[in-house]
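Please read the following account alongside the sequence and the coordinates, moving from the parts that call for caution to those that can be followed residue by residue.

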Amino acid sequence: MLRGKTLDQQKQHAFFSWAVMGALVLLCTILAGLQYKWTGEVSRAERDRLVSTLKASLNRLSIDFNGDLETAAVGLVPVGPGRDMPVTEDDYLAQYSDWKRTGKHDQIFSRIVVATPVKGLLTLRQLDPLKEEFVSILWPEEWAKLESRLLSRLNGRPSDGRVEGGGLAGLDSTVLDIPRFTHSELDGPRARFSPSADDHHETSWLLLEVNTAYVRGTMLPELVQRHLGNNGIVDYRVQVNSRAVPQKLIFTSDDEKTSQIGSSADASVGLFDVPFERLMRRGQGGRKGGKGGGGKRPTGGSMAETEPGQGRWLLQVQHRAGSVDALVRNSRLRNLGVAGLILLLMLATVAALMRFTKRSQQLAELQMDFVAGVSHELRTPLTVIRTAAYNLRGKVAANPAQVERYGNLIESESEKLTGIVEDILRFASTRAGKIIQERESLAVDKVIEESVEASKSALGNRCALETTIESGLPRVMGDSSALRHVVQNLLSNAAKYGTEGSDWIGISAVHNAGAVEIRVCDRGTGIPEEEQGHIFEPFYRGRRAVQEQIHGTGLGLSLVKKIVEAHGGTITVASEASKGTQFLVRIPVAPIEHQNEFSNSVG
């Protein structure tokens, strides 16, 4: 218990501290709930923003891809010499030369073929880009369905679900078929294949096969980086599959062995969707609106008017975190974790401040108690000395017995005064880092013997001191004065607090596990368990010392602990109520070069 502080004051202070802590915990809990709610709202808004941005990026990617494909295809379609004049191979060659010179993607088509009817069949003439001439070829096996469709249209029969106007050579095909139209006086079913449902019909076709290797290796990586990249990093997995055959993988941004995105896609968009009306308008040969520059995107309409969700291919994306939802969820959890840590840090900081403030307050009170106690401790011997000196000046001086008595009293009180001053000076030295002086090789039994001799006045005749020292104790390295102070202080404390009910005090020294163990024991009332953790703190005095006003400064055991630890040792206490107290000091033995055969002999 601290002097000057009542029990009610302690309870009030504790209640106030807990009330403040409880209010802060409640406030932090409310803040955490609001943070959770607001973070959820922000996460949903962020998820919607990411999905919207992703879809817009995919639409732009689709528009660019389809626009490049359309531009390349239009650039290979010659305008033709006139309304009823056929387009010759020379016209195609001239157009190809111009397209190759001005076109952006000159490798986008792996085959450029003209299909012309001859005696009811379609013959194929393929452009040789190296020789820049057309050569006859047989129908490729993979174009069998395309051949069947074109023959049907040539004979005036619509093909499977065929959209009027040409251009869809099957959703599973990579061939663009661009028809040529010519004037005919015939009526009937052929008129249905005219782009304006008038008297034109299809007479030949320009077949352009898309180079999937070039699209996979050049076009799509460039477009993905442009529209989905962020500082050169793409945060999404990208796959392109055939819409007709979903298992057919056209392009992947990862290893082809990775699983397909499928239904777990965050967003998707169609590719390979060309507005064939413009292609067919250009191929009509002289009809208005048919002009267009070689290799330049046609101006007859806007690609933005094309629905990006259509096309022969399907581009799907999935965030590398698993999905956009997973990304937002992980981001929210991280934000909540950081916010929670900040709130916990705030609570911990407040708790630490309260603890440090309480400790500082206690330390200030202890220091005030120390000042008051030291003042009292100094005043008592000084008063006794002054009184004895005054009495010695009178008639007492003529009485030798009284002179001796007052002389002994002055000596005793002077020793007390000296002890108080030494404790204060030692404490000041420890604060300055000068706990012990120069070390030397010491015999522990000699230190104990000198300490016991110096403690006789403190022990008096009422204490029965039992000394047990093991023979052959090794030497230790230390400061003899400081170690004597340790032993004297422990003996003095035993005499002050451990002789109630028993006047026995024991001191022993043994060698154990590389250290010399010094024990100071008594059979007094013991130290309360709640005080045992505080007795080595500076200025601390136990409840009994305060209540019974036992003289002391509260520095003794604190100094003892610092001295022992400065020697590389330890000090512990063991105490039980009504059974006494034992202090155990362990000091490491000196190195072998500081031991000798005569060092342990006494006297």
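Over residues 161-168 of this predicted model, pLDDT stays under 50, and the model has 21 contacts beyond four places in sequence for this stretch. A second stretch, residues 184-199, likewise has pLDDT under 50 throughout, with 28 contacts beyond four places in sequence. Where pLDDT is low, the predicted coordinates should not be read in detail, so the contacts listed for residues 161-168 and for residues 184-199 are best taken with reserve. For the protein chain as a whole, the mean pLDDT is 77, and 79% of the residues reach 70 or more.

With that caution in place, the overall make-up can be described. The protein chain has 603 residues, of which 41% are buried, and its secondary structure comprises twelve helices and 18 strands. Among the contacts between residues at least 6 apart in sequence, 72% join residues that are at least 24 apart. The chain exposes about 32700 Å², and 55% of this area is supplied by carbon and sulfur atoms.

One part of this architecture that can be followed strand by strand is an open sheet of four strands, arranged in the order β9-β8-β11-β10 with antiparallel pairing. The edges are occupied by β9 (249-252) and β10 (267-271), each of which has a single partner strand, so that one side of each is left without a neighbour in the sheet. From one strand to the next, the twist averages 20 degrees. At the β10 edge, five bridges join β10 to the antiparallel strand β11, which spans residues 313-319, and within β11 the residue W313 is the bridge partner of L271. Helix α4, formed by residues 212-228, packs on the sheet and touches β8 (236-242), β9, β10 and β11, while its direction makes about 45 degrees with that of β9.

Which residue of helix α1 has a side chain with a polar atom 2.9 Å from the backbone nitrogen of F272? The residue is N66, which is found in helix α1 (residues 7-75), and the 2.9 Å separation is between a polar atom of the N66 side chain and the backbone nitrogen of F272. Is N66 buried or exposed? With a relative accessibility of 2%, N66 counts as buried, because the cut-off for that class is under 20% relative accessible area.

Definitions and conventions:
Residues are numbered from 1 along each chain as its sequence is written. This is a predicted model: local features need pLDDT of at least 70, side-chain atom pairs count only at pLDDT 80 or more; totals for chains, interfaces and linings use all residues. Side-chain values use heavy atoms; hydrogens and water are left out. Helices (H or I, at least four residues) and strands (E, at least two) are DSSP runs, numbered from the N terminus. Buried means under 20% relative accessible area, exposed over 50%, partly exposed in between (1.4 Å probe, protein chains only). Contact means heavy atoms within 4.5 Å. Accessible areas come from the Shrake-Rupley method with a 1.4 Å probe; for residues, only the protein chains shown count as cover. pLDDT is the predictor's confidence in each residue, from 0 to 100. Two strands pair if DSSP finds at least two bridges between them. Axes are lines fitted to C-alpha atoms, for helices over the stretch in contact, and angles run from 0 to 180 degrees between N-to-C directions. A polar contact is a pair of N or O atoms within 3.5 Å; within protein, one must be able to donate a hydrogen and the other to accept it, and residues adjacent in sequence count only if both atoms are side-chain atoms.
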